[in-house]
Amino acid sequence: KGFEDSTMWSRLISTFMQQFDTHGAFDFSALEPFDINKDNTFEKLMELTPKVRVDKKKSVLEVNLSYPKHPPVKKVGYLHGYRFTVVGVFPDLKKNSARTAVSCSDISLAGNVVPVNVQLPIPRGAKIFLVCIRIDGCRHGKIDGPDTMKAMKMIEAGGI
C-alpha cells in the first residue's frame with residue numbers, strides 16, 4: 001500500500017491480456033520484473049542484483065540482494081539508514097487468494113555494504129511465487145523520509 005501509482009493496475013491488466021492472447025491463460029509465474037510505481041523506480045535509488053532460489057527440501061525461497069553501494073541520501077541527510085522489506089506472494093488461483101511471507105532488514109548508512117540474505121517460508125501447497133523488494137529511508141530505526149527514498153519492485157516470479 002502507498003507505493004502504487006495510477007498506472008499500476010492498467011499495466012498489470014495489459015500484461016495479463018498479452019499472456020492471455022498468446023497462451024490462452026495468464027500465468028503469475030511468467031511475469032517479468034516491474035516497478036510498482038513507474039516514477040519512483042528502484043533503479044533511481046540503487047543498482048540491485050537479486051537472486052531467488054527455491055529450496056524444496058527446506059521449503060523456503062532463498063533471496064539474495066547484492067548491491068555495490070548505499071542509496072544516495074544527499075538531499076535527505078537526516079536519514080540514518082534504510083530498510084529492505086522482502087515480500088513473497090504465493091497466489092492460489094483455485095481459491096482466488098494469496099498467502100504472503102515477509103522479512104525486513106535494516107541497514108545503517110554508516111556501515112559497510114553487505115549482501116542481504118533472507119529465507120521466506122513457502123506455504124504448504126504453493127505452486128507459484130512472486131518476490132517483491134521494497135526500500136524505505138529510515139531515521140533511528142523507523143521508516144521516514146520523502147517519496148524519493150521509497151521504491152518497490154517485483155523482482156522475480158516462478159514456479160515451485
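Arg53 and Asp55 join their side chains in a salt bridge with an N to O distance of 3.5 Å, a salt bridge being a side-chain nitrogen of Lys or Arg within 4 Å of a carboxyl oxygen of Asp or Glu. The two partners differ in their surroundings: Arg53 is partly exposed, with a relative accessible area of 45%, whereas Asp55 is buried at 10%. Here buried means under 20% relative accessible area, exposed means over 50%, and partly exposed lies in between, with a 1.4 Å probe and protein chains only. Arg53 and Asp55 also belong to a network of salt bridges that includes Glu62.

The model is a predicted one, in which local features need pLDDT of at least 70 and side-chain atom pairs count only at pLDDT 80 or more, while totals for chains, interfaces and linings use all residues. Residues are numbered from 1 along each chain as its sequence is written, and side-chain values use heavy atoms, with hydrogens and water left out.

Across the whole structure, the search returns 5 salt bridges. One of them pairs Lys153 with Glu43, whose closest N and O atoms are 2.6 Å apart. This pair ties together distant parts of the chain, since Lys153 sits in strand 9 (residues 150-159) and Glu43 in helix 2 (residues 42-45), 110 residues apart. Helices (H or I, at least four residues) and strands (E, at least two) are DSSP runs, numbered from the N terminus. Lys153 counts as buried, at 16% relative accessibility. Another salt bridge is formed by Arg134 and Asp136, with the closest N and O atoms 2.6 Å apart. Arg134 is partly exposed, with a relative accessible area of 23%, while Asp136 is buried at 0%.

Arg134 appears again in the surroundings of Thr85, a residue of strand 4 (residues 81-92). Neighbours within four places in sequence aside, Thr85 is in contact with Val102, Ser103, Cys104, Cys132, Ile133 and Arg134, where contact means heavy atoms within 4.5 Å. Thr85 is buried, with a relative accessibility of 10%. A second threonine, Thr41, is found in the loop between strand 1 (34-35) and helix 2. Thr41 also counts as buried, at 16% relative accessibility, and its contacts, again without neighbours within four places in sequence, are Asp35 and Ala151.

Turning to the chain as a whole, its secondary structure amounts to 2 helices and 9 strands, which follow one another from the N terminus as α-β-α-β-β-β-β-β-β-β-β. The radius of gyration is 17 Å, in agreement with the value near 15 Å for a compact globule of 160 residues; the radius is taken over C-alpha atoms, and the globule rule is 2.2 Å times the number of residues to the power 0.38. Along the principal axes, the C-alpha atoms fill a box of roughly 50 × 40 × 25 Å. Of the 160 residues, 43% count as buried. Among contacts between residues at least 6 apart in sequence, 66% join residues at least 24 apart.

The accessible surface of the chain is about 9,600 Å², and carbon and sulfur atoms account for 53% of this surface; areas come from the Shrake-Rupley method with a 1.4 Å probe, and for residues only the protein chains shown count as cover. Finally, the mean positions of the 23 positive and 17 negative charges lie 5 Å apart. Lys and Arg count as positive and Asp and Glu as negative, without His and the chain ends, and each charge is placed at NZ of Lys, CZ of Arg, CG of Asp or CD of Glu.
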